[in-house]
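Visitor: I have a structure open on my bench computer and would like to learn how to read the places where its parts meet. Could you walk me through it?

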Amino acid sequence: MRLLKEIIQEILESYPAEQRFSLPAMQDMQRRLGYVPREGLEATSARLGRPLSALYAMASFYKALSLKPKGKYVIRLCDGTACHLKGEPLLLSSLRGELGIGAGETTADGLFSLETVNCLGSCSIAPAMMIGDKYYGKVTPGSLSALIASYRKEAAG
Amino acid sequence: MEIRINGTSYPAEAGEFVLNVARRNLIPIPTLCHHDGLPEQGCCRLCLVEIGEGSRSRIVTACVYPVSEGLEVRTDTEEVAAIRRQNLALLRLRAPEAERVRQLCAYYHVPEDSRFEAMSGERCVMCGLCARACAVLGTGAISTVNRGVIKKVAPPYEEAPVSCIGCGSCAEVCPTKAIPVEQTRETREIWGRTFKMAKCSRCGEPYTTEEAARHAAGIAGLDDAGFCPDCRSRRVGEVMRGVYGR
């Protein structure tokens, strides 16, 4: 993998050095690195001449930006009204048992991150969740367990 | 132009806000997030006033509402008073340790009881004036971080900020004295950092930190400001005496 510094530099150089491009640059870092590293904020601050505090304020404000590295697979568990009533709390506790993490945390092996989200727009298949960019509907603790196992297998190659 | 506040006409300039005109004419409107030297924040919601006539009347934020010819403003209606009490009650729950909020609550007769639980030990009303002052001064060491109920004022990564110059402006503009500063003749402690005080080159009194003195001198284009505010005015006085005297 290329150096973090090089990727950050490449992202920053793809935009003119203007204040209005600080958010797009941070979004690119999130996409390519899975998080917005401190080095990234500091480099953005130096390039745009903006205080680090202003960038940190933005990075900590938006949920789409993460200041800590996310796992390889980001699990988004829907906690909208329909999914909540259809058993999301049960899924959350079985994920805790399966992965040993709660919402907003990442497993120690860096494989999974867990987030609860307000709605995935898939109420018809409640309870719904996403792993990466794939949707899963009508999830039960049993099917969840099998899913996690299959992702573990995929990661192991 | 002229605007009317509580039935009396007052002169106003285009570009002014209702609060400016009211304050100039000693009409009381409470505020927390307003500071004369900084852009308006419009977030403490205490300066609400009523504008317009009859069914077209509405509540607006006086500190950011621009004046216009013939504008009717009322600061003392029952509705304004009720909203003000409500907002003060919420601010008191947010910052129960803030002396200024308690004073305002007493002054505007805000009932003591509430069905909500107060935050414990909090002084900050999250107006953001401190972060604004820091940014305007060109330091930008602190900002508001996070969002929602965990939002707060902090330096990046919540570490002692390297860019802080210890000028104390954040603590100075804070309406509720929520930013702790420890100061002796020799040092000032703020945001987890300790700064050495600069002494006035004339009277020897400490007047700001060495970093802040350098920063100010840099902005003013001088090698070093070197004087405390008192000695600076004295020196200007002496120069002026030389100009006009004799």
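**Where the parts meet**

Guide: Gladly! Let us begin with polar contacts: across the interface of domain 1 of chain B and domain 2 of chain B, zero residue pairs are in polar contact, counting pairs with both residues at pLDDT 80 or more. Keep in mind that this is a predicted model.

Visitor: Which classes of residue, then, make up the side of domain 1 of chain B that touches domain 2 of chain B?

Guide: That side has six nonpolar, three polar and two charged residues. As for salt bridges between domain 1 of chain B and domain 2 of chain B, the count is zero.

Visitor: Where do these two domains of chain B begin and end?

Guide: Domain 1 covers 2-107 and domain 2 covers 129-244 of chain B. Their C-alpha centres are 30 Å apart. Chain A is also divided, into domain 1 (4-61) and domain 2 (73-156), and there too the C-alpha centres of the two domains lie 30 Å apart.

Visitor: How do I read the extent of the meeting between the domains of chain B?

Guide: Look at both the residues in contact and the area buried. In chain B, eleven residues of domain 1 contact seven residues of domain 2. The two domains bury about 800 Å² between them, with 66% of it on carbon and sulfur atoms. L32(B), L38(B) and Q41(B) supply 50% of the area that domain 1 of chain B buries against domain 2 of chain B, more than any other three residues.

Visitor: Now the two chains. How many residues of chain B are in contact with chain A?

Guide: The number is 13, and they touch twelve residues of chain A. Chain B and chain A bury about 1,100 Å² between them, and carbon and sulfur atoms give 57% of that area. On the chain B side, R147(B), P156(B) and Y157(B) supply 56% of the area buried against chain A, more than any other three residues.

Visitor: Which side chains meet in a salt bridge?

Guide: Those of E159(B) and R38(A), with 2.8 Å from N to O. To judge such a pair, compare the distance with the cut-off, which is 4 Å. One salt bridge is found across the interface of chain B and chain A.

Visitor: And how many residue pairs are in polar contact across the interface of chain B and chain A?

Guide: Five, with both residues of each pair at pLDDT 80 or more. The side of chain B that touches chain A has six nonpolar, five polar and two charged residues.

How values were computed. Residues are numbered from 1 along each chain as its sequence is written. Chains are lettered from A and ligands numbered from 1 in the order in which they are written. This is a predicted model: local features need pLDDT of at least 70, side-chain atom pairs count only at pLDDT 80 or more; totals for chains, interfaces and linings use all residues. Side-chain values use heavy atoms; hydrogens and water are left out. Domain bounds come from an automatic or database domain assignment. Contact means heavy atoms within 4.5 Å. Buried area is the accessible area (1.4 Å probe) that two parts lose on being put together, summed over both. A polar contact is a pair of N or O atoms within 3.5 Å; within protein, one must be able to donate a hydrogen and the other to accept it, and residues adjacent in sequence count only if both atoms are side-chain atoms. Ala, Val, Leu, Ile, Met, Phe, Trp, Tyr, Cys and Pro count as nonpolar, Asp, Glu, Lys and Arg as charged, and the others, Gly among them, as polar.
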